[in-house]
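Reader: Mind walking me through this one? I'd like to start with the ligand and its surroundings.

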Amino acid sequence: MRQFVYISTAAHEVSNDDVVNILESSRRNNPDRGITGFLIFNGRNFLQLVEGPEDALFSLMNQLARDSRHSGIVRLEDIPIETRTCEEWAMTRLRLIDPVQERRTNLDAILPASLAPNVRRTVLNFAALN
Ligand SMILES: Cc1cc2nc3c(=O)[nH]c(=O)nc-3n(C[C@H](O)[C@H](O)[C@H](O)COP(=O)(O)O)c2cc1C
């Protein structure tokens with residue numbers, strides 16, 4: 001299995017409905033493909049961790065690259081894994097009106113315990129953006 005972490009920039013016109021639709025697609029498709037992970041949205045940028053069989057991940061990343069609801073995908077982590085970090089699929093939102101330290105603390109509390117320390121740091125740094 002592999003684990004990818006990427007960040008991207010939401011399209012200007014991305015609405016709440018779009019985000020709900022992304023979540024619905026993920027909940028519908030990911031379990032059948034053996035993909036778990038999480039998506040974080042701060043209103044401007046996405047950070048997504050996806051993990052599972054390589055074939056399934058490559059086809060998801062191809063699909064994501066064509067999705068006009070975001071652009072500028074930058075892959076931050078791409079590592080082989082033996083065991084999953086996430087048991088299921090989840091999404092969370094960061095509120096930019098919250099102070100950065102509070103965003104980091106809240107995010108740290110909900111990230112999976114088995115997340116590799118360097119991946120955790122990468123994800124927590126996302127909380128400081130914007
Ligand atoms: C930031 C972002 C993350 C996404 N993550 C997933 C995902 O994990 N799984 C998924 O199936 N689709 C995801 N999508 C949506 C896909 O690009 C695509 O629209 C969807 O898979 C189409 O499937 P559907 O026809 O079943 O809705 C994501 C889209 C965006 C913009």
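**Around the ligand**

Author: Sure. Helix 1 is the top contributor to the shell around the ligand, giving seven residues. Bear in mind that this is a predicted model.

Reader: Which elements give two or more residues to the shell, and where does the ligand sit?

Author: Helix 1 (16–33) is on that list, along with strand 3 (45–52) and helix 2 (54–65). As for the site, the ligand sits in the largest pocket.

Reader: How many residues surround the ligand, and which are the closest?

Author: By class, the shell has six nonpolar, seven polar and four charged residues. In total, 17 residues surround the ligand, and the closest are Ser25, Arg28, Asn30, Asp67 and Arg69.

Reader: Which ligand atom does a polar side-chain atom of glutamine 48 lie 3.0 Å from?

Author: Let's take the other polar contacts before that one. Arginine 28 puts a polar side-chain atom 2.7 Å from an oxygen atom of the ligand, and asparagine 30 has one 2.8 Å from a nitrogen atom. For glutamine 48, at 3.0 Å, the partner is an oxygen atom of the ligand.

Reader: What share of the ligand's exposed area does the protein bury?

Author: Taken alone, the ligand exposes 620 Å². Of that, the protein buries 83%.

Reader: How far apart in sequence are the parts that the pair of phenylalanine 4 and phenylalanine 58 ties together?

Author: The structure holds two aromatic pairs. Phenylalanine 4 and phenylalanine 58 form a tilted one, with 6.0 Å centre to centre and 50° between the planes. Phenylalanine 4 lies in strand 1 (residues 2–10) and phenylalanine 58 in helix 2, so the parts tied together are 54 residues apart.

Notes: Residues are numbered from 1 along each chain as its sequence is written. This is a predicted model: local features need pLDDT of at least 70, side-chain atom pairs count only at pLDDT 80 or more; totals for chains, interfaces and linings use all residues. Side-chain values use heavy atoms; hydrogens and water are left out. A residue is near a molecule or strand if one of its heavy atoms lies within 4 Å of it. A polar contact is a pair of N or O atoms within 3.5 Å; within protein, one must be able to donate a hydrogen and the other to accept it, and residues adjacent in sequence count only if both atoms are side-chain atoms. Accessible areas come from the Shrake-Rupley method with a 1.4 Å probe; for residues, only the protein chains shown count as cover. On a 1 Å grid over the protein atoms alone, a cavity is a set of points where a 1.4 Å probe fits but cannot get out, and a pocket is an open set with protein on both sides within 12 Å along at least five of seven lines; lining residues have an atom within 4 Å of a point. A molecule sits in a cavity or pocket if more than half of its atoms lie within 2 Å of its grid points. Helices (H or I, at least four residues) and strands (E, at least two) are DSSP runs, numbered from the N terminus. Ala, Val, Leu, Ile, Met, Phe, Trp, Tyr, Cys and Pro count as nonpolar, Asp, Glu, Lys and Arg as charged, and the others, Gly among them, as polar. Rings of Phe, Tyr and Trp (its six-membered ring) pair if their centres lie within 6.5 Å; planes under 30 degrees apart count as stacked, over 60 as edge-to-face and the rest as tilted.
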